[in-house]
Amino acid sequence: MEGTAGKVIKCRAAVAWEAGKPLVVQEVEVAPPQAMEVRLKILYTSLCHTDVYFWEAKGQTPVFPRILGHEAAGIVESVGEGVTELAPGDHVLPVFTGECKECAHCKSEESNMCELLRINPDRKVMIGDGQTRFSVNGQPIYHFLGTSTFSEYTVVHAGCVAKINPQAPLDKVCVLSCGFCTGFGATVNVAKPKKGSTVAIFGLGAVGLAAAEGARVAGASRIIGVDLNPDRFETAKKFGCTELVNPREHTKPVQEVLAEMTNGGVDRAVECTGNINAMIQALECVHDGWGVAVLVGVPHKDAEFKTHPIHFLNEKTLKGTFYGNYKPRTDLPAVVEQYMAGELELEKFITHNVTFSEINTAFELMLKGQSIRCIIHMDG
């Protein structure tokens, strides 16, 4: 990295030129970081379903050409003007949301939704000057979630970068920058199940499995996984699920099934599907008096949550969460330390490894439902 600061870097990136078409691994130019930005050398990135969703361009305004990717780990190559908390050589996790540490949200102990740097899927340029840092033969290539980690080098706002222990294995902790923390934090930071409690997890994809892992670590006695796909059940057992329910196998609504299984309802429910019906079921399946349901999934823009107010009068609680209520810069270093101390089992989330030149294989595995997390090694 010596001698590259302040200069344009040519490197490989996987560019999405069209919706649903294979990514093209090709040479791009990456401009130096501007004020309050850092340029990172990405060593490992992984594929999240959100990348696939925007690559398919279903349900949102398509933006192409674009460099996707938002779950990664790397090293700071250079920093822009005004950056004081990061330096070349630091080991870091770029995050799709940020922490400016100055707005009301960042100063609040109850929120992680930074006014300046919270997630914005529609933003395709840097917030400082409204320009891209990527180009191919002079043509701008757009950013994704402020991270664009499907590139050997990327430029990120300094407020979206968490400095971590340099001894941490980057090929493992990279999963902390999105999926794991979203699900795990939804359980331990928001639902907060007590030891010996019962927890229902709706949706057993990567985020749901992380939520189940949170329930396991919290000491829940029963963790009931709910999913329409029974192929996920064996894997879910490895993440702490003690019982598994397929709503299609029952004539009663699944919330009634869960209530009967648990003598009136579960203590906590965490919804990780984005399906509005599952969200309603999560609330309605918790016990009156103390039950808490937490919504994690992102619903369709036209979805409406409809339930009878009696559920709230009966002292059930409905909560939402974003990125597991973790503040990226403040909290992620401590989560990494939890892993380093053996308190978190990240390895079981990693089901596949591919080289950067094989990145389209990672998409194929996810589309077939064969991977939880596929780690992409940028040096291959």
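I'll start with Y323, which lies in the loop between β15 and α10 (328-340). This is a predicted model, so please keep that in mind throughout. Y323 is not a glycine, yet its phi is positive, about 50 degrees. Is Y323 buried or exposed? Its relative accessible area is 2%, and under 20% counts as buried, so Y323 is buried.

A second residue of this kind is S148, in the loop between β7 and β8. S148 is a residue other than glycine with a positive phi, near 45 degrees. S148 is buried too, with a relative accessible area of 0%. One more positive phi belongs to A57, just after α1, at about 55 degrees.

While we are on the backbone, look at the loop between α1 and β4 (71-79), where P65 is placed. The peptide bond from F64 to P65 is cis, and its omega is near -5 degrees.

Now the sheets. Strands of a sheet pair through backbone hydrogen bonds, either parallel or antiparallel. This model lets us look at both kinds.

Take the parallel one. Six strands form an open sheet, in the order β12-β11-β10-β13-β14-β15, and the pairing is parallel. Which strands are at the edges? They are β12 (243-245) and β15 (317-320), and each of them pairs on one side only. From one strand to the next the twist averages 20 degrees. At one end of the order, β11 (residues 222-226) is joined to β12 by three bridges, and the two run parallel. V226 stands opposite V245 in β12.

Helices pack on this sheet. Helix α8 (residues 276-284) touches β10, β13, β14 (292-295) and β15, and its direction makes about 170 degrees with that of β13. Helix α5 lies across β10 (198-202), β11 and β13 (268-271), and runs at about 170 degrees to β10.

Helix α5 has a helix neighbour as well. The axes of α4 (residues 179-191) and α5 (residues 206-218) come within 7 Å and cross at roughly 40 degrees. What do we call that arrangement? Angles from 65 to 115 degrees count as roughly perpendicular and those under 35 as roughly parallel, and this one fits neither class, so α4 and α5 are oblique to each other. The crossing is right-handed. On the α4 side, the residues in the contact are G179, F180, T182, G183, F184, T187 and V188, and they meet V207, A210, A211, E213, G214, A215 and V217 in α5. By type, the residues of this contact divide into eight nonpolar, five polar and one charged.

Back to α8 for a moment, by way of F305. This residue is placed in the loop between β14 and α9 (310-313). Not counting residues up to four places away in sequence, F305 touches I276, M279, I280, L283, L295 and L318. F305 is partly exposed, with a relative accessible area of 31%. From W17, F305 is 288 residues away in sequence and 36 Å away in space, C-alpha to C-alpha.

Next, the antiparallel sheet. Four strands form an open sheet in the order β1-β2-β6-β7, and the pairing is antiparallel. The edge strands are β1 and β7 (139-141), each pairing on one side only. Neighbouring strands here are turned by 50 degrees against each other on average, direction ignored. Seven bridges connect β1 with β2 (residues 24-30), and V15 has V24 in β2 as its bridge partner. At the other edge, β6 (residues 134-136) and β7 are joined by three bridges, with S135 partnered by P140 in β7. Strand β1 (residues 9-15) has five of its seven residues buried, so it is largely enclosed by the rest of the structure.

One more antiparallel pair is β3 (residues 37-46) with β8, over five bridges. V38 stands opposite V156 in β8. How many of the residues of β8 (residues 153-157) are buried? Five of its five are, and the strand is mostly covered. In a regular strand the side chains alternate between the two faces of the sheet. In β8, Y153, V155 and H157 point one way, and T154 and V156 the other way.

Strand β3 also brings us back to α1. In α1 (residues 49-56), D51, V52, F54 and W55 are buried. The buried residues of α1 pack against β3 and α11 (359-367). That is where I'll stop.

Methods:
Residues numbered from 1 in each chain as written. Predicted model: local features only at pLDDT ≥ 70, side-chain atom pairs only at ≥ 80, totals over all residues. Heavy atoms only, no water. Axes fitted to C-alpha atoms, helices over the stretch in contact; angles between N-to-C directions. Parallel < 35°, antiparallel > 145°, perpendicular 65-115°, else oblique. Left-handed = near helix turned anticlockwise from the far one by under 90°. Contact = heavy atoms within 4.5 Å. Nonpolar A, V, L, I, M, F, W, Y, C, P; charged D, E, K, R; others polar. Buried < 20%, exposed > 50% of the residue type's maximum accessible area, 1.4 Å probe, protein only. Pairing = 2+ DSSP bridges.
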